[in-house]
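I am opening a fresh notebook page for a structure that is new to me. Come along while I look things up one at a time.

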Amino acid sequence: MKKIVIAIDGFSGCGKSSTAKAVAKTLSYTYIDSGAMYRAVTLHFINSFTNLTNPKEVLKALSTLKIEFHKNEETGFQETFLNGLNVEKQIRTMKVSERVSEVSKLKEVRKELVAQQQRLGKHKGVVMDGRDIGTVVFSDAELKVFMTADLNIRAERRQQELLEKGDLVELDKIIHNLGERDRIDSSREISPLKKADDAVEIDTSYLDFDDQVTQIVKLAKEKIEA
């Protein structure tokens with residue numbers, strides 16, 4: 001059976017990552033978490049006190065960056081490792097969320113991570129989510145999906161996600177954070193967030209999780225069998 005590349009783009013808090021993981025698991029594909037990669041770079045920059053306005057400092061920090069994904073045998077999902085350490089929990093904190101869009105728009109960061117991502121997807125059989133996967137990273141992906149949802153609903157989901165990790169954050173703060181990320185991601189000069197012309201749009205505002213996964217798996221199987 002032939003393998004394809006599935007690119008899932010969309011706004012923060014639409015459930016892209018969790019949906020992409022489940023789709024990959026269902027199809028026995030490799031899941032590449034581009035958002036986790038940008039979050040890991042952000043954490044790396046925070047830890048190394050990198051001045052984002054200084055290209056030399058940015059390049060120096062990137063030269064000591066190593067991002068890997070290792071499967072957690074208990075959950076069956078991949079977790080993010082930064083320079084040998086499991087940082088899956090640290091990269092999901094508000095401290096990182098508040099700075100990840102700022103880091104993501106740096107051309108040096110995007111160039112480095114896009115190159116890494118394209119290498120990971122060279123042999124197909126991958127599912128990848130992010131903000132420029134269908135437009136830049138895998139512009140020739142066989143299936144492109146663009147996920148969207150109401151801002152308030154996205155904020156409530158993110159609040160619940162943080163709460164489950166023991167992090168209580170006010171809803172207004174999350175709404176502001178997501179709104180700012182939408183603005184920065186959509187208006188940045190390099191690889192802005194936008195729907196690819198050939199992407200299928202899925203509004204997840206009132207869809208439950210299983211329906212999201214089922215829709216994308218169905219679209220994927222149609223492409224695989226075509």
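**Entry 1: an arginine to start with.** Does R154 count as buried or exposed? I note first that this is a predicted model. I looked up the relative accessibility of R154 and found 4%. Buried means under 20%, so R154 counts as buried. I then checked where R154 sits, and found it in helix α7, which covers residues 151–164. Leaving out residues up to four places away in sequence, I listed what R154 touches: F11, S12, G13, C14, A149, L178 and D182.

**Entry 2: the whole chain.** I stepped back and counted 9 helices and 8 strands. The radius of gyration is 17 Å, close to the 17 Å that the globule rule gives for 226 residues, so the chain is as compact as a globular protein of that length. Along the principal axes, the C-alpha atoms fill a box of roughly 50 × 40 × 40 Å. I also saw that 50% of the 226 residues count as buried. Among contacts with a separation of 6 or more, 72% join residues 24 or more positions apart.

**Entry 3: surface and charges.** My note on the accessible surface reads about 11,700 Å², with 50% of it belonging to carbon and sulfur atoms. For the charges, I have 36 positive and 36 negative, and their mean positions are 6 Å apart.

**Entry 4: the cores.** Which residues touch the most other members of the largest nonpolar core? I found V41, F45, L62, I67, V109, L113 and F138, in a core of 33 residues. Several elements supply at least two residues each, among them β1 (5–10), α3 (55–62) and α5 (107–120). Helix α2 gives the most, with 8 residues. I followed V109 a little further: setting aside neighbours within four places in sequence, V109 is in contact with Y38, V41, F45, V58, L62 and V103. There is also a second, separate core of 27 residues, which includes A22, L143, A196 and A199.

**Entry 5: two unusual backbone angles.** Most residues other than glycine have a negative phi. I therefore marked F49, a residue other than glycine whose phi is positive, near 55°. F49 is in the loop between α2 and α3, and at 73% relative accessibility F49 counts as exposed. K124 is not a glycine either, and has a positive phi of about 60°. I found K124 in the loop between α5 and β6, partly exposed, with a relative accessible area of 34%.

Methods: Residues are numbered from 1 along each chain as its sequence is written. This is a predicted model: local features need pLDDT of at least 70, side-chain atom pairs count only at pLDDT 80 or more; totals for chains, interfaces and linings use all residues. Side-chain values use heavy atoms; hydrogens and water are left out. Helices (H or I, at least four residues) and strands (E, at least two) are DSSP runs, numbered from the N terminus. The radius of gyration is taken over C-alpha atoms; the globule rule is 2.2 Å times the number of residues to the power 0.38. Buried means under 20% relative accessible area, exposed over 50%, partly exposed in between (1.4 Å probe, protein chains only). Contact means heavy atoms within 4.5 Å. Accessible areas come from the Shrake-Rupley method with a 1.4 Å probe; for residues, only the protein chains shown count as cover. Lys and Arg count as positive and Asp and Glu as negative; His and the chain ends are not counted. The place of a charge is taken as NZ of Lys, CZ of Arg, CG of Asp or CD of Glu. A nonpolar core is a set of buried Ala, Val, Leu, Ile, Met, Phe, Trp, Tyr and Cys residues joined through side-chain atoms within 4.5 Å.
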